[in-house]
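Please open the model in your viewer, with the cartoon and the side chains ready to be switched on separately. The tour below moves from one selection to the next and says what is found at each stop.

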Amino acid sequence: NNLPFTVEYNAEDEEYVVEGPRIEKMLGYTNLESEKGFKFFQNFLKNNGILEELEAMGIEDGDVVDIYNIEFEYQR
């Protein structure tokens, strides 16, 4: 696995946990409160193969994703 991030399913919390140094760094300079920032964040997940990995693991709409304590519901 040469991906610069890890995606794991936490059955206890029923959520997908995504971690990786580039993601953490990106979150440090991205304001997710703003629409522009959130769009950037979504594009980052898509362009870096993170959404693809989540889908490969069987994520479904409404499932919770936790990225460094930022939680959101997955929507296709």
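Begin with the hairpin of E1 and E2 in this predicted model, where 4 residues lie between the strands and Glu14 takes a positive phi near 50°. The two strands of this hairpin run antiparallel and are joined by 5 bridges. To follow the register, select Glu8, which stands opposite Val17 in E2, and then Tyr9, which stands opposite Tyr16 in E2.

Keep E2 selected and display its accessibility: this strand is mostly covered, with 4 of its 5 residues buried. Now add strand E3 (residues 64–67), which pairs with strand E2 (residues 15–19) in the parallel sense over 4 bridges. A convenient marker for this pairing is Glu15, which stands opposite Val64 in E3.

From E3, continue to E4, where the pairing is antiparallel and again described by its bridges, 4 in number. Here Asp66 stands opposite Glu71 in E4. E3 and E4 form a hairpin with 2 residues between them, and Tyr68, in the turn, has a positive phi of about 50°.

With these strands displayed together, what is the order of the sheet? It is an open sheet of 4 strands with mixed pairing, and the order reads E1-E2-E3-E4. The edges are formed by strand E1 (6–10) and strand E4 (70–73), each of which pairs on one side only. Viewed along the sheet, neighbouring strands are turned by 25° against each other on average, with direction ignored.

Next, hide the cartoon and show the nonpolar side chains. Which residues have the most contacts inside the largest nonpolar core? They are Val18, Ile23, Ile50, Leu54, Val65 and Ile67, in a core that has 17 residues. The elements that give two or more residues to this core are E2, helix H1 (21–28), helix H2 (35–47), helix H3 (50–56) and E3. Centre the view on Ile23 and select its surroundings: leaving aside neighbours within four places in sequence, Ile23 is in contact with Phe5, Val18, Phe44, Ile50, Ile67 and Tyr68.

Turn the cartoon back on and select H1 together with H2. Two packed helices are described by the angle between their axes and the distance between the axes. For this pair, the axes come within 11 Å and cross at roughly 170°; because angles over 145 degrees count as roughly antiparallel, H1 is roughly antiparallel to H2. The contact is made by Arg22, Ile23, Met26 and Leu27 on the H1 side, and by Phe40, Phe41 and Phe44 on the H2 side.

The last stop is the loop between H1 and H2, in which both Thr30 and Asn31 lie. Is Thr30 buried or exposed? Its relative accessible area is 12%, so Thr30 is buried, given that the cut-off for buried is under 20%. Not counting residues up to four places away in sequence, Thr30 touches Gly37 and Phe40.

Asn31, by contrast, counts as partly exposed, because its relative accessibility is 44%. Leaving aside its neighbours within four places in sequence, Asn31 is in contact with Gly37 and Phe38. Select the side chain of Asn31 and look towards Glu33, whose backbone nitrogen this side chain reaches at 2.9 Å. Finally, to place the loop relative to the rest of the chain, set a distance label between the C-alpha atoms of Asn31 and Met57: these two residues are 26 residues apart along the chain, and the C-alpha atoms are separated by 28 Å.

Conventions:
Residues numbered from 1 in each chain as written. Predicted model: local features only at pLDDT ≥ 70, side-chain atom pairs only at ≥ 80, totals over all residues. Heavy atoms only, no water. Pairing = 2+ DSSP bridges. Axes fitted to C-alpha atoms, helices over the stretch in contact; angles between N-to-C directions. Core = buried A, V, L, I, M, F, W, Y, C linked by side-chain atoms within 4.5 Å. Buried < 20%, exposed > 50% of the residue type's maximum accessible area, 1.4 Å probe, protein only. Contact = heavy atoms within 4.5 Å. Polar contact = N/O pair within 3.5 Å; in protein donor to acceptor, adjacent residues only side chain to side chain. Parallel < 35°, antiparallel > 145°, perpendicular 65-115°, else oblique.
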